[in-house]
Amino acid sequence: MSLKLKLEQGLQQAGIVLSAELVERLLAYLALLQKWNKVHNLTAVRDPDEMVTLHLLDSLVILPHIHAERLLDVGSGAGLPGIPLALCLPDLQVTVLDSSHKKTSFMRQVKAELQIDNLQVVCSRVEQFQPEQPFDVVISRAFSELQLFLTLTAHLCRPEGLWLAMKGVYPHDELAQIELKPSTPKPSAIVPLVVPGLDAQRHLVFLPNLTATAQAAA
Ligand SMILES: C[S@@+](CC[C@H](N)C(=O)[O-])C[C@H]1O[C@@H](n2cnc3c(N)ncnc32)[C@H](O)[C@@H]1O
């Protein structure tokens with residue numbers, strides 16, 4: 001089966017409708033990832049079929065949950081999930097951040113070649129990143145445990161904004177860890193996700209930043 005057909009079938013199964021042009025742009029991103037990966041080792045996933053499932057579809061199944069103007073993808077690596085989100089949601093301003101020069105060079109190349117105007121690429125350790133404005137949504141996939149993710153990005157999520165953590169199996173231990181810390185944001189929902197063609201669990205953890213609400217109530 002061609003990569004295009006695999007992506008189209010996966011999108012259909014997930015109930016995600018994208019234009020033919022967008023499908024081509026997603027595949028162009030995948031082609032660049034394959035090309036650079038041969039030399040720069042950006043991702044351990046090397047098989048193009050697996051890249052469709054584990055990188056594109058895994059990132060795209062969260063599309064219905066993104067309602068924001070400004071999103072930060074922390075530890076984005078080769079641009080996941082940030083680049084597929086930026087491609088599919090042109091009105092969303094997406095910042096992809098990683099501390100690795102090799103990975104941010106790749107993401108800059110993708111931005112230039114695919115002319116992704118709503119994508120900003122930042123090379124920085126996240127704890128040192130000082131943007132002009134905080135973000136509506138701060139997301140990560142395969143970055144760190146929940147507690148560390150929240151600690152390192154506490155200055156980056158605006159009051160009443162949202163942290164989204166993309167996880168595999170239901171993260172019992174990580175949730176227990178944050179329950180122990182009274183000052184840590186708590187999850188409002190943990191949504192199971194189905195990634196077409198993937199025989200593994202996925203969960204999206206929603207952690208609202210209630211800072212402003214709490215201050216107003218005090
Ligand atoms: C396992 S990769 C995940 C990449 C991508 N999110 C994915 O799901 O394919 C974790 C990434 O986080 C980056 N990273 C780790 N610690 C970081 C930090 N403190 N600040 C910024 N990036 C960091 C690493 O360079 C790496 O690219």
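This is a short walk through one predicted structure, from its sheet to its core and then to a few individual residues.

Let me begin with confidence, since what we are looking at is a predicted model. The chain averages a pLDDT of 95, with 97% of the residues scoring at least 70, and the model scores ipTM 0.99 and pTM 0.96.

Turning to the sheet, you will see seven strands that form an open sheet in the order 3-2-1-4-5-7-6, with mixed pairing. The edges are strand 3, residues 119-123, and strand 6, residues 189-193, each of which pairs on one side only. From one strand to the next the twist averages 20°. Helix 5, residues 101-114, packs on this sheet, where it touches strand 2 (93-98) and strand 3, and its direction makes about 160° with that of strand 3.

I would like to spend a moment on strand 4, which spans residues 135-141. On one side, strand 1, residues 70-74, runs parallel to strand 4 and is joined to it by four bridges; within that pairing, Leu72 has Val138 of strand 4 as its bridge partner. Strand 4 is also joined by six bridges to strand 5, residues 157-167, and these two likewise run parallel. Here Val137 stands opposite Leu162 of strand 5, and Arg141 stands opposite Met166 in that strand. Strand 4 is mostly covered, in that seven of its seven residues are buried.

That brings me to the core. The largest nonpolar core has 54 residues, and those that touch the most other members are Leu71, Ile83, Val137, Val138, Trp163 and Ala165. Strand 5 supplies the largest share of this core, six residues. As general background, nonpolar side chains in soluble globular proteins tend to be buried together. If we take Ala165 and set aside its neighbours within four places in sequence, its contacts are Ser140, Leu146, Phe149, Val205 and Leu207.

Next, the annotated positions. An unreviewed UniProt entry lists Gly75, Leu80, Asp98, Ser99, Ser100, Val126, Glu127 and Arg141 under "binding site", and I would keep in mind that such annotations may be inferred rather than shown by experiment. Two of the positions in that entry, Asp98 and Ser99, are worth taking in turn. Asp98 is found in strand 2, and it counts as buried because it has 25 C-beta neighbours inside 10 Å. Beyond the four places on either side in sequence, Asp98 is in contact with Gly75, Ser76, Gly77, Lys103, Thr104 and Cys123. Ser99, by contrast, is found in the loop between strand 2 and helix 5, and with 15 C-beta neighbours inside 10 Å it counts as partly exposed. With the same sequence neighbours left aside, Ser99 is in contact with Ser124 and Arg125.

Finally, is Thr153, a loop residue, buried or exposed? Thr153 lies in the loop between helix 6 (146-152) and strand 5, yet it counts as buried, because 25 C-beta neighbours fall inside 10 Å. Not counting residues up to four places away in sequence, Thr153 touches Val74, Val126, Val138 and Trp163. Val126 is one of the positions in the UniProt entry, while Val138 and Trp163 are among the core residues I named earlier. As for Arg141, Thr153 is 12 residues from it in sequence and 14 Å from it in space, C-alpha to C-alpha.

Methods. Residues numbered from 1 in each chain as written. Predicted model: local features only at pLDDT ≥ 70, side-chain atom pairs only at ≥ 80, totals over all residues. Pairing = 2+ DSSP bridges. Axes fitted to C-alpha atoms, helices over the stretch in contact; angles between N-to-C directions. Contact = placed C-beta atoms within 7 Å. Core = buried A, V, L, I, M, F, W, Y, C linked by C-beta atoms within 7 Å. Buried ≥ 20, exposed ≤ 12 C-beta atoms within 10 Å, placed from the backbone. pLDDT = per-residue confidence, 0-100.
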